[in-house]
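Work through the exercises below with the sequence and the model side by side, and try each task before you read its solution.

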Amino acid sequence: PLIAAYKGRAQVIANGTNRVRSYDLESGELIWECGGQTGNPIPAPVRFEDNAIVMTGFRGNAIYSIPLGARGDVTDRDTITWHEGDAAPYVPSPALYKGQLYFVKANNAVLVSRSAKSGELVINQTRVPGISTVYSSPVAAADHIYLTGRDGTTVVLKHGKSFEVVATNKLDDPIDASAAIVGNEIFLRSKSHLYCISQ
């Protein structure tokens, strides 16, 4: 779940089968909910400005940007900031970087980028070379997006409005965990090892 402070209270935003809900952290009170999600949601919600963005991509696709100030059931209401249904991740969470959402379609190495503010398509569905399936979430740092496939290949993309591969790096180890970036180091956890890669 996403914990989001908004106007003096903390919301717990949990994406669930067929709907996302926001609860008051202190009391457990339901603040708002929104239908339209598919089944078996795994991607974590992200916050952009005063909106929660949620995605599901299992047996269907749904992306919703919902204002933290929403109240009650906002399904099919004008309250929703934006929503799309053409491609969304199944297992990986999206990376939010400098106003752009980066995510894959289902568990495939097909990258999509949208504006977090408007939902406008920035990079249409583009196959990432050298990777076939993805469980790990993309991460971002220093104007680059890092996407790691299940076979241990990490493709580095340039942040921006076009699809540009900067580098491809291969570890001979399956990787399902998301990378972690700390300072100038990137940590990758495989099935059998923990790697730290630095300059």
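The exercises that follow treat strands, cores, single residues and one ring pair in turn.

This is a predicted model, in which local features need pLDDT of at least 70 and side-chain atom pairs count only at pLDDT 80 or more, while totals for chains, interfaces and linings use all residues. Residues are numbered from 1 along each chain as its sequence is written, and side-chain values use heavy atoms, with hydrogens and water left out.

**Exercise 1. Find out in which order the strands of the open sheet of four strands lie, and which strands form its edges.**

Solution. Begin with the terms: strands are DSSP runs of E with at least two residues, numbered from the N terminus, and two strands pair if DSSP finds at least two bridges between them. Next, follow the pairing, which is antiparallel and gives the order β14-β15-β16-β17. The edges are then β14 (139-141) and β17 (165-170), each of which pairs on one side only. Between neighbouring strands of this sheet the average turn is 20 degrees, direction ignored, where the axes are lines fitted to C-alpha atoms and angles run from 0 to 180 degrees between N-to-C directions. Finally, look at the pair formed by β15 (residues 144-148) and β16 (residues 153-158), which is joined by five bridges; here Ile145 has Leu157 of β16 opposite it.

**Exercise 2. Describe how β12 is paired and how well it is covered.**

Solution. First take the partner β11 (residues 100-104), which runs antiparallel to β12 over five bridges, with Gln100 opposite Ser115. These two strands make a hairpin with five residues between them, and Ala106 in the turn has a positive phi of about 55 degrees. Then take β13 (residues 121-127), which is also antiparallel to β12, over four bridges, and which places Arg127 opposite Val110. The hairpin of β12 and β13 again has five residues between the strands, and Gly119 takes a positive phi near 85 degrees. For the cover, use the rule that buried means under 20% relative accessible area, exposed over 50%, and partly exposed in between, found with a 1.4 Å probe on protein chains only. By this rule six of the six residues of β12 are buried: Val110, Val112 and Arg114 point one way, while Leu111, Ser113 and Ser115 point the other way.

**Exercise 3. Work out what surrounds Arg114, a residue of strand β12.**

Solution. Start with the cover: Arg114 counts as buried because its relative accessible area is 3%. Next, search for a polar contact (a pair of N or O atoms within 3.5 Å; within protein, one must be able to donate a hydrogen and the other to accept it, and residues adjacent in sequence count only if both atoms are side-chain atoms). The side chain of Arg114 makes such a contact with the side chain of Asp86, at 3.0 Å. Last, list the contacts, meaning heavy atoms within 4.5 Å; leaving aside neighbours within four places in sequence, those of Arg114 include Trp82, Glu84, Asp86, Gln100 and Glu120.

**Exercise 4. Identify the residues at the centre of contacts in the largest nonpolar core, and the strands that supply this core.**

Solution. A nonpolar core is a set of buried Ala, Val, Leu, Ile, Met, Phe, Trp, Tyr and Cys residues joined through side-chain atoms within 4.5 Å. The largest one has 17 residues, of which Ile13, Val20, Trp32, Cys34, Tyr64 and Ile66 touch the most other members. At least two residues each come from β1 (2-6), β4 (30-35), β6 (51-56) and β7 (62-67). Another core lies apart from this one and has 14 residues, among them Ala109, Val128, Ile145 and Leu157.

**Exercise 5. Explain which parts of the chain are tied together by the aromatic pair of Phe58 and Tyr90.**

Solution. Rings of Phe, Tyr and Trp (its six-membered ring) pair if their centres lie within 6.5 Å, and planes under 30 degrees apart count as stacked, over 60 as edge-to-face and the rest as tilted. Phe58 and Tyr90 are stacked, with 4.7 Å from centre to centre and 25 degrees between the planes. Phe58 lies in the loop between β6 and β7 and Tyr90 in the loop between β9 (82-84) and β10 (95-97), so the pair ties together parts 32 residues apart in sequence. Phe58 is partly exposed at 23% relative accessibility, whereas Tyr90 is buried at 19%.
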